Amino acid sequence: DFKLARGGRIAGRLAAAPYDTLVDATVDIFNSNGTAVASVESDLERYYITGPGLPPGTYYAKARSDDYLDQLHSVMPCDYGSCPVTSGTPITIAGTETVFGVDFVLTHASRITGSVFSDSVRVPSPTAGTVLVYDATGRLIKQVALNGTNTFSTGGLPSGQYFVRTNVGGGFVVELFDDIPCPSGNCTVTFLRLLVAAPSNVSMRVLATARRLAGTGMLRLPLK
């Protein structure tokens, strides 16, 4: 036999600024240690309420949705989705009550999309590897996989300046956007900036250089 106790719940509504076009979103709930304990999708009216009962304690909430920036409760940006969730506003559950009013107003995000091409018609464009994205200070913030194609998309980014470089292996030279060699990845990524203005998308073409040895079918990187 089981003797179950009721728990508390967390509820609220999601909206988007400046245009309320949000279709759906997910709200993740974390305990006082920052461990995820619940996740819930918003309904057609963009309301949500957690399902499993939560024991008394302190909780934190984060909302996320495609094409929008992640946000902590209460209206706190979570750039690149990697912020400490416990830096948000705490939500206290004391018993079996439902805590209402844990609302979010999400902001449209930008993204960088593009393709990675071989500079030789004899060498197929890379379809594996990653594209690395750095912020204006040169800090690595995202690694985006090619996943079987030569295209990539960074997902949501806040407005700002970014640097992008390839890391595709297979004999291809590491390059910075736009067509700047970076042998073995040993270069200053802040050499060239790419401006991203939300809520637009910026498309780009990254050239991956390959050197083929005559008659061997092998790829060779250029000398440093």
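A residue is called buried here when its relative accessible area is under 20%. The views below are taken from a predicted model.

**View 1. Strand S2 and its covered residues.** Strand S2 spans residues 26–30 and is mostly covered, with five of its five residues buried. Thr26, Asp28 and Phe30 point one way from the strand, while Val27 and Ile29 point the other way. Residues on both sides of S2 are buried.

**View 2. Pairing of S2 with S3 and the hairpin turn.** Strand S3, residues 36–41, runs antiparallel to S2 and is joined to that strand by five bridges. Within this pairing, serine 39 of S3 is the bridge partner of aspartate 28. The two strands form a hairpin with five residues between them. In the turn, glycine 34 has a positive phi of about 85 degrees.

**View 3. Pairing of S2 with S5.** Strand S5, residues 57–64, is also antiparallel to S2, and five bridges join the two. Isoleucine 29 of S2 has alanine 61 as its bridge partner in S5.

**View 4. Surroundings of aspartate 28.** Aspartate 28 lies in strand S2. Its relative accessible area is 9%, so aspartate 28 counts as buried under the 20% limit. Two polar contacts of its side chain are shown: one reaches the side chain of serine 39 at 2.8 Å, and another reaches the side chain of arginine 64 at 2.6 Å. Serine 39 is thus seen both as the bridge partner of aspartate 28 in S3 and as a side-chain polar partner. Leaving out residues up to four places away in sequence, aspartate 28 touches Ala38, Ser39, Tyr60, Ala61, Lys62 and Arg64.

**View 5. Arginine 165 in strand S15.** Arginine 165 is located in strand S15, which covers residues 160–167. This residue is buried yet has no salt bridge. The nearest side chain of opposite charge belongs to glutamate 175 and is 11 Å away. Because a salt bridge requires a side-chain nitrogen of Lys or Arg within 4 Å of a carboxyl oxygen of Asp or Glu, the pair of arginine 165 and glutamate 175 does not qualify. The side chain of arginine 165 does, however, make a polar contact of 3.1 Å with the side chain of tyrosine 134.

**View 6. Contacts of arginine 165.** With neighbours within four places in sequence set aside, arginine 165 is in contact with Thr130, Val131, Leu132, Tyr134, Val174, Glu175, Leu176, Gly185 and Val189. Tyr134, one of these residues, is the polar partner shown in the preceding view.

Terms used. Residues numbered from 1 in each chain as written. Predicted model: local features only at pLDDT ≥ 70, side-chain atom pairs only at ≥ 80, totals over all residues. Heavy atoms only, no water. Helix = DSSP H or I, 4+ residues; strand = E, 2+ residues; numbered from the N terminus. Buried < 20%, exposed > 50% of the residue type's maximum accessible area, 1.4 Å probe, protein only. Lys, Arg positive; Asp, Glu negative; His and termini not counted. Polar contact = N/O pair within 3.5 Å; in protein donor to acceptor, adjacent residues only side chain to side chain. Contact = heavy atoms within 4.5 Å. Pairing = 2+ DSSP bridges.
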